Amino acid sequence: MPAPMRRLVVLGATGSVGRSTLDVAARHPQRLQVFALTAARDADGLLELCRLHKPSIAVLVDEAAALKLRAALTAEEIPCEVLTGAAALSEVAAAGEADIVMSAIVGAAGLLPTLAAVRAGKQTLIANKEPLVMAGRLLMREAARSGACILPIDSEHNAIFQCLPPDYRCGESPRGVRKLLLTASGGPFREWSAEQIAAATPAEAVRHPNWSMGQKISVDSATLMNKGLELIEASMLYGVDDTQLDVVIHPESVIHSLVEYVDGSLLAQLGQPDMRVPIAHALAWPERWESGVGGLDLAALGRFRFESPDLERFPCLGLARAALRAGGHAPNLLNAANEIAVERFLNGHIGLSQIAQMIAACVDAGLGVHALQSDELEATLAVDAWARDWCLRELPRFSKTATLHAESARLHA
Ligand code: NAD
Ligand code: MG
């Protein structure tokens, strides 16, 4: 019997993960049909993807961009319904016609559509890590309730999934596991001094040595907050606490993560640093499909290096681990503050070192106010909004000029 055709929704289709997903999907037209594609406001980018992948529905959150896309599709006689507004993201994620949803929006904006997919029982492929950091327990609880199968796309979490027993499902506690070991490239500033890191520009921060990614995750990789968010993500997906999670720097980005079992065995997944590998794994699961990516020439690679992360130069990693330990809304506060801080860094308002300072202060302030909030959706969104307001209100304290004044006062004291 031929394998059934499955219908795919790509949330965040114009982004780095979204485009890699469509690259893999297009290699398997007999198995996958694109049902819906979404983006924030990039009408030209989404038009190009509609020409290639012929979705039934295209969503642009921005209304003017949606009008432009609708006009262009009509002019080219491409049959595709265009929807607009943030609610349309959740609508397509939960639509009866959808079988698989790729969650690849960046940041907290992906929470509601990801939750909608999970609640509707869709096979949900999660690249968008921020919703798991904000509301991981809620998402896993809803998946258990609806029967939605969650498959991790983040390369480390996908590697871990591949190293767990074949009958393992996300949300269960894995049997016989001592530790999950996340690898990290170390980012563009791995060998930089604290002073150099403090003076780093946005252009330097987004220049990742091994991976080509969106701007926000590239800055997160430079501060190691990406690995911090991934610790929390792993805790939510695999039901382990922080004592069972370790990070090791592996500059080659070839070993994507490892599982250490109680008998002392360590299993690892290796591959080129190309997101099409984890994406193809999850789209095909439990089968295996061609992804367009070759294997590795191990002899040419020669050797692998490993180092401990330096928490002095990269305080964000320590802040994330502390938030994971604190539990409650600490990860949610951390995530919201990080999103604001990264945006302000990219806009040139604060320096790279102020990102950690702003996050630490916001989590501290927020825990005082929100310690007893429930982890349901409404409270999650309220805490997220509180943290964003707090950061914007307190921004002048962390601005470049405020920091220069403080530094010069310290030197003259
Ligand atoms: P990106 O910036 O390249 O793309 C983001 C996508 O989300 C775009 O399609 C954009 O239009 C859409 N989007 C942005 N804001 C939106 C909003 N408010 N509402 C609706 N849509 C919105 O990002 P990316 O690098 O592809 O990363 C996507 C997610 O996957 C992130 O959470 C990131 O941490 C995670 N991830 C990325 C990679 C990678 O290699 N890029 C690897 C692992 C995990
Ligand atoms: Mg990752």
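**A sheet, a metal site and a pocket**

Strands E9, E8, E10 and E11 make up an open four-stranded sheet, arranged in the order E9-E8-E10-E11 with mixed pairing. Its edges are strand E9 (245–249) and strand E11 (266–270), each of which pairs on one side only. Averaged over the sheet and with direction ignored, neighbouring strands are turned by 20° against each other. The model is predicted, and the description below should be read in that light.

Within this sheet, strand E10 (residues 255–261) and E11 run antiparallel and are joined by five bridges. One point of reference along this pair is isoleucine 255, which stands opposite leucine 270 in E11.

Further along the chain comes helix H12 (residues 276–284). This helix is mostly covered, with eight of its nine residues buried. The buried residues of H12 are Arg276, Pro278, Ile279, Ala280, His281, Ala282, Leu283 and Ala284.

The next site to look at is the magnesium ion (ligand 2). Its protein donors are Asp154 (OD), Glu156 (OE) and Glu230 (OE), at 2.1 to 2.2 Å from the ion. The spacing of these donor residues in sequence is D-x1-E-x73-E. Glutamate 156 belongs to helix H7 (residues 155–163) and glutamate 230 to helix H11 (residues 225–238), so this pair ties together parts of the protein that are 74 residues apart in sequence.

Are these two glutamates buried or exposed? The cut-off for buried is a relative accessible area under 20%, computed on protein chains only. Glutamate 156, with a relative accessible area of 8%, is buried. Glutamate 230 also counts as buried, at 1% relative accessibility.

The last feature is the second largest pocket, which has a volume of about 470 Å³. Its lining consists of 26 residues, and those nearest the centre are Ile197, Ala198, Leu352, Ser353 and Gln354. Which helices supply at least two residues each to this lining? They are helix H8 (194–198), helix H10 (215–223), helix H14 (315–326) and helix H16 (352–370). Of the contributors, H16 gives the most, with six residues. By residue type, the lining of this pocket divides into 15 nonpolar, seven polar and four charged residues.

How values were computed:
Residues are numbered from 1 along each chain as its sequence is written. Chains are lettered from A and ligands numbered from 1 in the order in which they are written. This is a predicted model: local features need pLDDT of at least 70, side-chain atom pairs count only at pLDDT 80 or more; totals for chains, interfaces and linings use all residues. Side-chain values use heavy atoms; hydrogens and water are left out. Donors are N, O and S atoms within 2.8 Å of the metal (3.2 Å for Na, K and Ca); water is not among the atoms, so sites may look incomplete. Buried means under 20% relative accessible area, exposed over 50%, partly exposed in between (1.4 Å probe, protein chains only). On a 1 Å grid over the protein atoms alone, a cavity is a set of points where a 1.4 Å probe fits but cannot get out, and a pocket is an open set with protein on both sides within 12 Å along at least five of seven lines; lining residues have an atom within 4 Å of a point. Grid points are joined across faces, edges and corners, and a volume is the space filled by probe spheres set on the points. Ala, Val, Leu, Ile, Met, Phe, Trp, Tyr, Cys and Pro count as nonpolar, Asp, Glu, Lys and Arg as charged, and the others, Gly among them, as polar. Two strands pair if DSSP finds at least two bridges between them. Axes are lines fitted to C-alpha atoms, for helices over the stretch in contact, and angles run from 0 to 180 degrees between N-to-C directions.
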